[in-house]
Amino acid sequence: MFNRARWRLTFFFTGVVAVILIFIGVAVLSASRTALFDGVNDDLQGRAQRELRPLGEQLLQRLQRGDQLQDPTVPPALTAGGYFFAFVREDGTILAKSANIDEVGLAGLKDIENASPDDPIFVDTKSSDGDNLRVYVRTINGPRERPIVMEVGRSTEPEREALRRLVFILIAGGIVGLTLSIGGGYWLAGYALKPIKVAMGKQQEFVADASHELRTPLSLIRANAEILKREADRQAGT
């Protein structure tokens, strides 16, 4: 009985620890993911404001003059670190781009329609090789009120790889934690049940002693009752 109760307490304790570990793991993973991709968003937006705004102004001036655009118009130095840039029209036509551009990874027409000067958006896309990309999309005023869309993006595979490693660490740590919790829970359950086990042992000892002490008087009472019964039967027979 005590062994069964001990294992029940152990599994209960392990279940509580498992719920706590899952809650902490989800919280850590969610916070890490938010921090990593917020950093990507800030980086892309900062690059768009610092480096592409002058290029966008030059592009608008050239379009207004009717100059022919030659690709690439974005300096290769701006693509260091895997960043790519593009200026496109609202119909997706590329006006200017960096030399390392992967057109498959650019924002789609729906995303272009949703972007605006006051409400830029971030779009998750995939390259032609299947890598995950994040693209900052913002509309800027173009000549004759025709909008031009500025796109800045880079691969998010480093962040996703970091999250995968974090998941592996959390799972491995969770397994170790649960293993330790089973051993610790089994010991704690035994420690918690020890006073009850001692009390029940004393109770059984008391019952055994009382039974032994009462056995002789009961035997005497029974013997006397049988003698009285025989005497009564004999007197009734005479």
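In strand E5, the residue that serves as bridge partner of Leu133 is Ser155, and this pair is a good place to enter the predicted model. The two strands concerned are E4, which covers residues 132–140, and E5, and they pair in the antiparallel sense over eight bridges. Strands of a sheet pair through backbone hydrogen bonds, and the pairing can be either parallel or antiparallel.

Strand E5 also pairs with E1, again in the antiparallel sense, this time over six bridges. Within that pairing, Phe85 has Val152 of E5 as its bridge partner. Strand E1, made of residues 84–89, in turn pairs with E2 in the antiparallel sense over three bridges, and here Phe87 is matched with Ala96 of E2.

Following these pairings from strand to strand leads to the whole sheet, which is open and consists of five strands in the order E2-E1-E5-E4-E3, with antiparallel pairing. At its edges lie strand E2 (94–97) and strand E3 (121–126), each of which pairs on one side only. From one strand to the next, the twist averages 25°.

Is strand E5, which spans residues 148–155, largely enclosed or largely open? Seven of its eight residues are buried, so the rest of the structure largely encloses this strand. For the protein taken as a whole, 30% of the 238 residues count as buried.

The sheet is accompanied by helices, for the protein has three helices and five strands, and reading along the sequence gives the pattern α-β-β-α-β-β-β-α. Helix H1 runs over residues 2–65, while helix H3 takes in residues 157–237. Among the contacts between residues at least 6 apart in sequence, 57% join residues that are at least 24 apart.

Turning to the outside, the protein exposes about 15700 Å², of which carbon and sulfur atoms supply 59%. Part of the surface is a nonpolar patch of about 650 Å², made by Phe12, Val16, Ile20, Phe23, Ile24, Val28 and Leu170. Which helix gives the most to this nonpolar patch? Helix H1 does, with six residues, whereas Leu170 lies in helix H3. A residue needs over 30% relative accessible area to be part of a patch, and Leu170, with a relative accessible area of 31%, is therefore classed as partly exposed and passes that cut-off.

Notes. Residues are numbered from 1 along each chain as its sequence is written. This is a predicted model: local features need pLDDT of at least 70, side-chain atom pairs count only at pLDDT 80 or more; totals for chains, interfaces and linings use all residues. Side-chain values use heavy atoms; hydrogens and water are left out. Two strands pair if DSSP finds at least two bridges between them. Helices (H or I, at least four residues) and strands (E, at least two) are DSSP runs, numbered from the N terminus. Axes are lines fitted to C-alpha atoms, for helices over the stretch in contact, and angles run from 0 to 180 degrees between N-to-C directions. Buried means under 20% relative accessible area, exposed over 50%, partly exposed in between (1.4 Å probe, protein chains only). Contact means heavy atoms within 4.5 Å. Accessible areas come from the Shrake-Rupley method with a 1.4 Å probe; for residues, only the protein chains shown count as cover. Patches are made of residues with over 30% relative accessible area and no salt bridge: like charges are joined within 9 Å, nonpolar side chains (Val, Leu, Ile, Met, Phe, Trp, Tyr) within 5 Å. A salt bridge is a side-chain nitrogen of Lys or Arg within 4 Å of a carboxyl oxygen of Asp or Glu.
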